[in-house]
Each structure stands twice: as structure tokens, then as C-alpha cells.
Amino acid sequence: RGMVAAQEAEAQPGCCQLLHLSVDRQCRGLGLGRRLTRRVLEFARDSGYRECVLYTSTPQQPAIRLYLAHGFRVTRADASLPALLSWVTNIYDWELRRGLLDAGSEFGIPTAHTQVRGH
């Protein structure tokens, strides 16, 4: 069991924001997070968005690895706590972005440049 939520990013025309992705603890390690990530990217591309953005924090390392594997790139990492406390705890807020134009094959979505077998 899992869920994903996205909407148009505020004050960023053409940009979809991945708001939340969650997989039930009992279902982790089964590839559901990968499938949900691919599905939200497919939704964003099919809806005409050019880019997808998400915000997360340092403790979410498994999620960050998942997003990086799907082509997201870190575009900002800021101290989420006062500077000294962030330095001590190593907790930062991250912004990750991914372009969507002609990138479908990178997350398993056919594009005009890929052939679908049996179609």
C-alpha cells in the first residue's frame, strides 16, 4: 500500500510539485516507491508540465536516493534549523528538480523516440 500526491507548484508555471509519497512500512522493498515515482512523473508529463519539483530533508535518505535514481537533481540544500544546530545535527532542507521534456524513457515511459513492443 502506498500513495502519491502532486499539484501545480505555487508561483512556478509549468512545474508540478510532488507533495507526498508514502509506502506502508510492511510494503517497503517491493518496488512500490519506484512505481509511484514513475506514475507521478508520467502524470506530470502527460498533464503538460515541463518540470517536477519536490522538497524533502536530510533524514529522508531512502527517498532522496529514490528521487536521484529517477533523474531528480539537488537544486538547493538549506539549513532547516538555526545554522549551528543544522551543522551539529546535519539536518538540511533539500529541493530537488527534474525536467520532464523528452525524458520519458528515463523512467520507463514510452516517448516518440522509444518503441513499445506489441503496439
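Select Cys16 and Cys52 to begin the tour: Cys52, in strand 3, is the bridge partner of Cys16. The model on display is a predicted one. Next, add Leu18 and Leu54 to the selection; Leu54 of strand 3 is the bridge partner of Leu18. Now widen the view to residues 15-23, which form strand 2, and to strand 3; these two strands run parallel to each other and are paired over four bridges.

Keep strand 3 selected, as residues 51-57. How many of its seven residues are buried? Five of them are, and the strand is thus mostly covered.

To follow the chain between these two strands, select helix 1, residues 32-46. Together with strand 2 and strand 3, helix 1 makes up a β-α-β unit of right-handed sense.

Turn next to strand 5, residues 92-99, which pairs with strand 3 in the antiparallel sense over seven bridges. For one point of contact, select Glu51 and Gly99: Gly99, in strand 5, is the bridge partner of Glu51.

Return to strand 2 and add strand 1, residues 2-8. In which sense do strand 1 and strand 2 pair, parallel or antiparallel? The pairing is antiparallel and extends over seven bridges. Gly2 has Val23 of strand 2 as its bridge partner. The two strands form a hairpin, with six residues between them. Within that turn, select Ala11, whose phi is positive, at about 60°.

The next stop is the largest pocket, which holds about 590 Å³ of space. Select Leu21, Val23, Pro62, Ala63 and Leu66, the residues nearest the centre of this pocket among the 22 that line it. Val23 has already appeared on this tour, as the bridge partner of Gly2. Which strand gives the largest share of the lining? Strand 2 does, with six residues. At least two lining residues come from each of strand 2, helix 1, strand 3 and helix 2, the last of these being residues 61-69. Colouring the lining by residue class shows 13 nonpolar, seven polar and two charged residues.

Finally, select Tyr67 and Phe72, both of which are buried. The whole structure contains one aromatic pair. The ring centres of Tyr67 and Phe72 lie 5.7 Å apart and their planes meet at 65°, so this pair is edge-to-face; the label applies to planes over 60 degrees apart.

Definitions and conventions. Residues are numbered from 1 along each chain as its sequence is written. This is a predicted model: local features need pLDDT of at least 70, side-chain atom pairs count only at pLDDT 80 or more; totals for chains, interfaces and linings use all residues. Side-chain values use heavy atoms; hydrogens and water are left out. Rings of Phe, Tyr and Trp (its six-membered ring) pair if their centres lie within 6.5 Å; planes under 30 degrees apart count as stacked, over 60 as edge-to-face and the rest as tilted. Buried means under 20% relative accessible area, exposed over 50%, partly exposed in between (1.4 Å probe, protein chains only). Two strands pair if DSSP finds at least two bridges between them. A crossover is right-handed if, with the strands pointing away from the viewer, the path from the first strand over the helix to the second runs clockwise. On a 1 Å grid over the protein atoms alone, a cavity is a set of points where a 1.4 Å probe fits but cannot get out, and a pocket is an open set with protein on both sides within 12 Å along at least five of seven lines; lining residues have an atom within 4 Å of a point. Grid points are joined across faces, edges and corners, and a volume is the space filled by probe spheres set on the points. Ala, Val, Leu, Ile, Met, Phe, Trp, Tyr, Cys and Pro count as nonpolar, Asp, Glu, Lys and Arg as charged, and the others, Gly among them, as polar.
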